[in-house]
Amino acid sequence: PAMERSWVVLAAVIGVFGLVTLGTMLAAVTLGYLGLTRARLGAFERRIALLAGLTIAASGAAVLFLRI
């Protein structure tokens, strides 16, 4: 639909979408970082790299098996 008007409108839509996406991701990462730096993880602190790896592996498995 944006292409029906002009290239300028298309560029504006792409630009706004990109900026909003970038802003949302930066906000999510910042909030996650601030939350985890204040969290008391106890025994999990020693195994945080293992938990990160398992999270990445679970994400990859979901993509592979659920075909998303």
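**Close-up views of a two-helix predicted model**

**Figure 1. Phe44 and the nonpolar surface patch**. Phe44 counts as exposed because its relative accessible area is 51%, and the term applies to values over 50%. The model shown here, as in every figure of this set, is a predicted one. Phe44 belongs to the loop that joins H1 to helix H2 (48-66). On the surface, Phe44 takes part in a nonpolar patch together with Ile48, Leu50, Leu51 and Leu54. The accessible area of these residues, taken together, is about 480 Å².

**Figure 2. The protein as a whole**. The protein contains two helices and zero strands. Along the principal axes, its C-alpha atoms occupy a box of roughly 60 × 35 × 10 Å. The radius of gyration of the protein is 19 Å, whereas a compact globule of 68 residues would have a value near 11 Å. Buried residues account for 1% of the 68 residues. The accessible surface amounts to about 6200 Å², and carbon and sulfur atoms contribute 75% of that surface.

**Figure 3. Helix H1 from end to end**. Helix H1 covers residues 7-38, which makes 32 residues. How far apart should the ends of this helix be, at 1.5 Å a residue? The expected span is 46 Å, and the C-alpha atoms at the two ends are 47 Å apart, so the model agrees with the expectation. At the start of H1, Ser6 places a side-chain oxygen within 3.4 Å of the backbone nitrogen of Val8. Arg5 is located in the segment before H1. With a relative accessible area of 70%, Arg5 is exposed. From the C-alpha of Arg5 to that of Gly23 the distance is 27 Å, and the two residues are 18 residues apart in sequence.

**Figure 4. Ala11 and Thr21, two residues of helix H1**. Ala11 is part of helix H1. Is Ala11 buried, partly exposed or exposed? Its relative accessible area is 48%, so Ala11 is partly exposed; the partly exposed class lies between the limits of 20% and 50%. Between the C-alpha atoms of Ala11 and Leu41 there are 45 Å, with 30 residues separating the pair along the chain. Thr21 also has its place in helix H1. Thr21 is partly exposed as well, at a relative accessible area of 36%. What does the side chain of Thr21 reach? It reaches the backbone oxygen of Phe17, at 2.8 Å. The C-alpha atoms of Thr21 and Leu54 lie 26 Å apart, and these residues are 33 residues apart along the chain.

**Figure 5. Helix H2 and Ala57**. Helix H2 is made of 19 residues. From its first C-alpha to its last, H2 reaches 26 Å, which is close to the 27 Å expected at 1.5 Å a residue. Ala57 is one of the residues in helix H2. The relative accessibility of Ala57 is 46%, so this residue counts as partly exposed. Measuring along the chain is not the only way to compare positions: Ala57 and Leu26 are 31 residues apart in sequence, and their C-alpha atoms are 23 Å apart in space.

**Figure 6. Arg67 in the segment after H2**. Arg67 follows H2 and has a positive phi, near 55°. Why does such an angle deserve a view of its own? Most residues other than glycine have a negative phi. Arg67 is not a glycine, yet its phi is positive, at about 55°. The relative accessible area of Arg67 is 76%, and Arg67 is therefore exposed.

Terms used
Residues numbered from 1 in each chain as written. Predicted model: local features only at pLDDT ≥ 70, side-chain atom pairs only at ≥ 80, totals over all residues. Heavy atoms only, no water. Helix = DSSP H or I, 4+ residues; strand = E, 2+ residues; numbered from the N terminus. Expected span 1.5 Å × (residues − 1). Polar contact = N/O pair within 3.5 Å; in protein donor to acceptor, adjacent residues only side chain to side chain. Patch = residues over 30% accessible without salt bridge, like charges linked within 9 Å, V, L, I, M, F, W, Y side chains within 5 Å. Areas by Shrake-Rupley, 256 points an atom, 1.4 Å probe, with all protein chains shown as cover. Salt bridge = Lys/Arg side-chain N within 4 Å of Asp/Glu carboxyl O. Buried < 20%, exposed > 50% of the residue type's maximum accessible area, 1.4 Å probe, protein only. Rg over C-alpha atoms; globule rule 2.2 N^0.38 Å.
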